[in-house]
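Work through the exercises below with the model open beside you. Try each task before reading its solution.

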Protein chains: 2
Amino acid sequence: MRLSSRGEYGVRAMIHLALNYHQGFIPLSSIASAEDISQQYLEQIFASLRRSGLILSNRGVKGGYTLALPPQSIYVGDIIRVLDGPITPVGCVSDEGDEDDSRCGKSNSCLARNLWLKLRDHINQLLDSITLQDMLNWKQ
Amino acid sequence: MRLSSRGEYGVRAMIHLALNYHQGFIPLSSIASAEDISQQYLEQIFASLRRSGLILSNRGVKGGYTLALPPQSIYVGDIIRVLDGPITPVGCVSDEGDEDDSRCGKSNSCLARNLWLKLRDHINQLLDSITLQDMLNWKQ
DNA sequence: GAAAATCCAGAGTATTTTAGTATGCTTTAG
DNA sequence: CTAAAGCATACTAAAATACTCTGGATTTTC
């Protein structure tokens, strides 16, 4: 039950953008160095975030990235699902839509399946209840 | 956020043992074939479960495995932590004991860290609230 | 309009983890 | 004694992960 580094880095970078919301576009290089993340790796991560519409970009000198929405409208669940794919504790509960097409067909696996579904939904519920702004407010 | 096959298989096998509680010792071969899991792989999994005290074994003919406690006293959290290691969404929240020795030392990472802690605890809470018996009762 | 700063894209690679096999030994009932 | 079972450890193949590399495209500034 571990997040990928993409998810971890992505959340940290998004917090960085949230802290600098209203400061205009922030160059990726400054985020990468502040968060100690490889710049090229972070570029890949930001490409996913941009394509999914969570951030906006400007090219050229004075370019950079900024949140597409205010921090109170961006949920960590969205960030993590974009970067790590849907929360799927085991293969047979792949996604919300096709809940019943990928059964393992085995004897007691249905009993276990209920657990995986609960686990999946439980994790999603938490991640979909926390916004970037919530995290900023945790600052002691 | 995916469970390992060890965790998945282990939970399924423990459900199998729970269903056959009071039937005495069940040979691993029958569990492996019923659940369609490689016998040798399942042996490794059961070795961990036995060393952790969740199951008991008998050797020789008529040997096999059985739950060390009744199904209502075994929590899925225990099974999964034995087989997958402690729930650790990211490295810096490695375990309950040493919460503050493995900080990343980076600027905003503490804000993210609160999230990882919440996530870790949230998952553990769910898994520690469900027993094998609970899962048997889900049988429709 | 050249140069520099920035984003953008896709291929390639090295490491680690995972999931499983292989081999062989030990114990016990009958 | 033999067959059925558990026990232990080493090995390996495949997949996923976490990056790096290379080269471009856009935009501001001088």
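## Exercise 1: The interface

Task: State how much area is buried between chain B and chain A, and what share carbon and sulfur atoms give.

Solution. This is a predicted model. Chain B and chain A bury about 3900 Å² between them, and carbon and sulfur atoms give 71% of that area. Next, find the top contributors on chain B. Met1(B), Leu111(B) and Leu115(B) supply 19% of the area that chain B buries against chain A, more than any other three residues. Then count the residues in contact: 41 come from chain B and 41 from chain A. Last, look for charge pairs. With a cut-off of 4 Å between side-chain nitrogen and carboxyl oxygen, the rule finds 0 salt bridges across the interface of chain B and chain A.

## Exercise 2: The symmetry

Task: Find the turn and the shift that lay chain B on chain A.

Solution. Superpose the copies. A turn of 180° with a shift of 0.0 Å along the axis lays chain B on chain A, with an RMSD of 0.1 Å. The two copies are therefore related as by a two-fold rotation axis. Now locate that axis from chain B: the nearest C-alpha belongs to Met1(B), at 2.6 Å. Finally, compare the contact surfaces. Both copies use the same surface, as 100% of the contact residues of chain B recur in chain A.

## Exercise 3: Helix α3 of chain A

Task: Check the span of α3(A) against expectation, then list its buried residues and what they pack against.

Solution. Helix α3(A) covers residues 39-51, which is 13 residues. Its first and last C-alpha atoms lie 18 Å apart, close to the 18 Å expected at 1.5 Å a residue. Take burial as under 20% relative accessible area. The buried residues of α3(A) are then Leu42(A), Ile45(A), Phe46(A), Ala47(A), Ser48(A) and Leu49(A). In chain A they pack against α1 (5-19), α2 (28-35), β1 (55-58), β2 (64-67) and α4 (76-84). Just after the helix, Gly53(A) takes a positive phi of about 85°.

## Exercise 4: The hairpins

Task: Describe how β1 and β2 pair in chain A and in chain B.

Solution. Start with chain A. Strands β1(A) and β2(A) pair in the antiparallel sense over 4 bridges, with Ile55(A) partnered by Leu67(A). There are 5 residues between the strands, and Gly60(A) has a positive phi near 80°. Sort the side chains of β2(A) next. Gly64(A) and Thr66(A) point one way, Tyr65(A) and Leu67(A) the other, and all are buried. Turn to chain B. Strands β1(B) and β2(B) also pair in the antiparallel sense over 4 bridges, and Ile55(B) stands opposite Leu67(B). In this hairpin, Gly60(B) takes a positive phi near 80°.

Technical notes: Residues are numbered from 1 along each chain as its sequence is written. Chains are lettered from A and ligands numbered from 1 in the order in which they are written. This is a predicted model: local features need pLDDT of at least 70, side-chain atom pairs count only at pLDDT 80 or more; totals for chains, interfaces and linings use all residues. Side-chain values use heavy atoms; hydrogens and water are left out. Helices (H or I, at least four residues) and strands (E, at least two) are DSSP runs, numbered from the N terminus. The expected span of a helix is 1.5 Å times one less than its number of residues. Buried means under 20% relative accessible area, exposed over 50%, partly exposed in between (1.4 Å probe, protein chains only). Contact means heavy atoms within 4.5 Å. Two strands pair if DSSP finds at least two bridges between them. Copies are superposed by least squares on the C-alpha atoms of residues with pLDDT of at least 70 in both. Buried area is the accessible area (1.4 Å probe) that two parts lose on being put together, summed over both.
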